[in-house]
Amino acid sequence: MAHWLIKSEPDEFSFDDLWQARGRRTMWDGVRNYQARNYLRDGMKVGDQVLYYHSNADPAGVVGLAEVVREAYPDPTQFERGHAHEDPKSTREAPRWVAVDVRAVRRLPRVVTLADLKAEPALAGMAVVQRGTRLSVTPVTPAEWAVVLALGGLRAKQPVAKRK
DNA sequence: GCCAACGTTGGC
DNA sequence: GCCAACGTTGGC
């Protein structure tokens, strides 16, 4: 099982929005960057655990935990005429972009702000703290995962969720 | 709202 | 294949 961090602008789709969605789950669509696409397509497996990060937020930071509940499938928005994420160059035979489904697991007792992340030496390798990294999907190591959860007010050994 | 950093596009 | 122009991201 792998760990990931996904970014969302709360004005677009916040953790609360995910929490209130039907089944607390949503299609994670709209990724239009090849490297992020590759993580979605090749890396994410059902059951992988996800840090939900608010970007362009005050404060920016990790606000909750989610999990992957469906692995990559063609992102339907790439084919929708007039959709902001339409990609006229993508074909149904060879879709360029993929989506996964994610489900909210729990809110963190404390928001782990970007400043918190940057202040923690053990997290220096995380993409989100590095200058100029704009990827919306990035891998997280198990060690980083444990540190972020601890900063967020969860004990490291505490189970995150029971799979149904 | 500003703007640095980055990825993509397209002319050549 | 280079690289300038452009659009986007995202912290501040």
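## Exercises on DNA contacts and the nonpolar core

DNA strand B is surrounded by Asn33, Tyr34, Lys89, Arg131, Gly132 and Arg134, each with a heavy atom within 4 Å of the strand. This is a predicted model, in which local features need pLDDT of at least 70 and side-chain atom pairs pLDDT 80 or more, while totals for chains, interfaces and linings use all residues. Residues are numbered from 1 along each chain, and side-chain values use heavy atoms, without hydrogens and water.

**Exercise 1.** Characterise the surface near DNA strand B.

*Solution.* Step 1: sort the residues by class, which gives one nonpolar, two polar and three charged. Step 2: split the strand atoms within 4 Å of the protein; sugar and phosphate account for 75%. Step 3: look for a base contact. A polar side-chain atom of Arg134 lies 2.7 Å from a base oxygen of DNA strand B.

**Exercise 2.** Find side chains that reach a phosphate oxygen of DNA strand C.

*Solution.* Step 1: list the residues around DNA strand C: Lys7, Tyr53, Ser55, Asn56, Ala60, Leu114, Lys118 and Arg134. Step 2: check polar contacts (pairs of N or O atoms within 3.5 Å). Polar side-chain atoms of Lys7 and Tyr53 each lie 2.8 Å from a phosphate oxygen, and one of Lys118 lies at 3.3 Å.

**Exercise 3.** Locate Ile6 in the largest nonpolar core.

*Solution.* Step 1: the core has 20 residues, and Ile6 is among those with the most contacts inside it. Such a core joins buried (under 20% relative accessible area, 1.4 Å probe, protein chains only) Ala, Val, Leu, Ile, Met, Phe, Trp, Tyr and Cys residues through side-chain atoms within 4.5 Å. Step 2: among the residues that Ile6 touches (heavy atoms within 4.5 Å) are Trp28, Met44, Tyr52 and Val137.

Terms used
Chains are lettered from A and ligands numbered from 1 in the order in which they are written. Buried means under 20% relative accessible area, exposed over 50%, partly exposed in between (1.4 Å probe, protein chains only). A polar contact is a pair of N or O atoms within 3.5 Å; within protein, one must be able to donate a hydrogen and the other to accept it, and residues adjacent in sequence count only if both atoms are side-chain atoms. Ala, Val, Leu, Ile, Met, Phe, Trp, Tyr, Cys and Pro count as nonpolar, Asp, Glu, Lys and Arg as charged, and the others, Gly among them, as polar. Lists of a residue's contacts leave out its neighbours within four places in sequence.
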